[in-house]
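User: I am new to this structure and would like a close look at one part of it, the helix pair and what surrounds it. Please take me through it step by step, and then place it among other local features.

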Amino acid sequence: MADVYNWQLGRKMEYIYEEHHPRKQISWVYDLNKCIGCHTCSLGCKTTWTSGRGQEYMFWNSVETKPYGYWPLGWDVRLLEVLGVQEWKGDKYNGKTIFEAAGPEKAFLGFLPETEDWAYPNLGEDDLSSPVEKGSHFSLPHIAWMFYFPRTCNHCTYPACLAACPRKAIYKREEDGVVLIDQHRCRGYRECIRACPYKRPMFNTVSKVSEKCIACYPALAEGVQSRCVVNCIGKIRIQGFKNRHDKPDPENPIDFLVHFKKIGLPIYPQFGLEPNLYYIPPIHVPIPYLRQMFGPGAAQAVATYQRMREGKEPEIQAILHLMTSTEYIVTRFLVKGSEVIGYDEKQKEVVRVPVREPIHVRPHYDEKLAVYRHNIT
Ligand code: SF4
Ligand code: SF4
């Protein structure tokens, strides 16, 4: 085991291979306040990559409803239960990761879901945390709550799938940090599925090998976003390349949200994989739940988002608006007056939008057509 630095834990940890960082790291930030659970992302992925034989049940992108939705069944709670005390002291994690909690006999703590565990992708969909009592009214945080939780592979910095593969069939690309399974080397031992705490590799029952999200790497090479991002109806998804934690660039939109504003948080950082998909937590959910899921920065991220809603964080607002207004990957943003401009890797302008989207209100009654409008904005 090597000692590697995991910035999300604020400390070094054990990993099977030496610390290594790709030239660029593909990353995402999802705003969970905007997801409407429409599953268009899942279908955009499915129709592109997993419509073949043996892939019938596969969703490389899936959307579940928290707190009671899971796909596969209990993927997170089953591991959280056996991981031990997950204590944070400030920004430093004092508990054990899945690598450290494994014990001398094993390389990681994990489990292989049964076939039936994959059978119900919409289990718990739209279920609330508790019944809604008569006479209750909206307040923050909500008494009864739920939120949609879209998931793909996190293209982790320290992937458990890669660490677990006895065939060394899994690799992390130097050019963009995408984690891939070599379909020719894989023998279908499913150790990657057992090891990945997010359960993102899946077994193809016809080809008898494992498969997973490939981050639409052919699109990335053209500077275009992944299918799930381009197709997102709620415009919750921001995609780009993240710099290392010790060399963040304030003009890089992902760095700005993750390292400067700390509003984009990793999912279950305590597992120790340094996932590269970040989430803006839903502001209506109790902080203890968010803290368990997104780490110690949850309360601050919610407060920052609230400030943005009050117009006090115009740059965050500008990024959220900018990045979801183009299919191209924006690597630099610049706020200029009332506009925000996005540039690609070649520093070419690819998109320009107002920081605040203008709202036009039309009259409720249209005299010319003699009709009433229900939608006036
Ligand atoms: S999320 Fe799972 S499958 Fe994806 S890179 Fe991390 S460990 Fe591997
Ligand atoms: S397409 Fe976007 S809004 Fe719809 S479920 Fe997927 S992430 Fe959520």
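Analyst: This is a predicted model, and a good place to begin is the first ligand before turning to the helices. Ligand 1 is surrounded by 14 residues, of which Cys153, Cys156, Pro159, Cys161 and Cys196 are the closest. Sorted by class, that shell holds 10 nonpolar, 2 polar and 2 charged residues.

The helix pair consists of α8, residues 287-294, and α9, residues 298-309, whose axes come within 8 Å and cross at roughly 115°. Two packed helices are described by the angle between their axes and the distance between the axes. An angle from 65 to 115 degrees counts as roughly perpendicular, and α8 and α9 are therefore roughly perpendicular to each other. On the side of α8 the contact is made by Ile287, Leu290, Arg291 and Phe294, while α9 brings Ala298, Ala299 and Val302 to it. By class, the residues of this contact are 6 nonpolar, no polar and 1 charged.

Within α8 itself, the buried residues are Leu290, Met293 and Phe294. Seen down the helix axis, these buried residues of α8 fall within an arc of 75°, so they line one face of the helix. An α-helix has 3.6 residues a turn, so residues three or four places apart point the same way. The partners against which the buried residues of α8 pack are β13 (265-266), β14 (277-280) and α9. Just after α8 comes Gly295, which takes a positive phi of about 90°.

The loop between β13 and β14, two of the elements that α8 packs against, contains Glu274. Glu274 has a positive phi, near 50°, although this residue is not a glycine. Most residues other than glycine have a negative phi, and most peptide bonds are trans. Glu274 is also buried, because 23 other C-beta atoms lie within 10 Å.

A positive phi is found at Lys235 too, with a value of about 50° in a residue that is not a glycine. Lys235 sits in the loop between α6 and β12 (237-242), and with 15 other C-beta atoms within 10 Å it is partly exposed. Lys235 is in contact with Thr324, as are Arg237 and Ile238, when the neighbours of Thr324 within four places in sequence are left aside. Thr324 lies in the loop between α10 (314-323) and β15 (332-336), and Thr324 counts as buried because it has 21 C-beta neighbours inside 10 Å.

Another helix to compare with α8 is α1, residues 40-49, where the buried residues are Cys41, Ser42, Gly44, Cys45 and Lys46. These buried residues of α1 pack against β4 (62-66), β7 (147-151) and α6 (227-230). Around ligand 2 there are 14 residues, and Cys35, Cys38, Cys41, Cys232 and Gly234 come nearest. The elements that give two or more residues to this shell are α1 and β7, and by class the shell around ligand 2 has 10 nonpolar, 4 polar and no charged residues. Cys41 thus appears both among the buried residues of α1 and among the residues nearest to ligand 2.

Finally, the loop between β4 and α2 (77-82) contains Pro67, and Pro72 is found there as well. The peptide bond from Lys66 to Pro67 is cis, with omega near 20°, and a cis peptide bond also joins Trp71 and Pro72, where omega is about 0°.

Note on methods: Residues are numbered from 1 along each chain as its sequence is written. Chains are lettered from A and ligands numbered from 1 in the order in which they are written. This is a predicted model: local features need pLDDT of at least 70, side-chain atom pairs count only at pLDDT 80 or more; totals for chains, interfaces and linings use all residues. A residue is near a molecule or strand if its C-beta atom, placed from the backbone, lies within 6 Å of it. Ala, Val, Leu, Ile, Met, Phe, Trp, Tyr, Cys and Pro count as nonpolar, Asp, Glu, Lys and Arg as charged, and the others, Gly among them, as polar. Axes are lines fitted to C-alpha atoms, for helices over the stretch in contact, and angles run from 0 to 180 degrees between N-to-C directions. Helices (H or I, at least four residues) and strands (E, at least two) are DSSP runs, numbered from the N terminus. Angles under 35 degrees count as roughly parallel, over 145 as roughly antiparallel, 65 to 115 as roughly perpendicular and the rest as oblique. Two residues are in contact if their C-beta atoms, placed from the backbone, lie within 7 Å. A residue is buried if 20 or more other C-beta atoms lie within 10 Å of its own, exposed if 12 or fewer, and partly exposed in between; C-beta atoms are placed from the backbone. The arc is that of the directions from the helix axis to the C-beta atoms.
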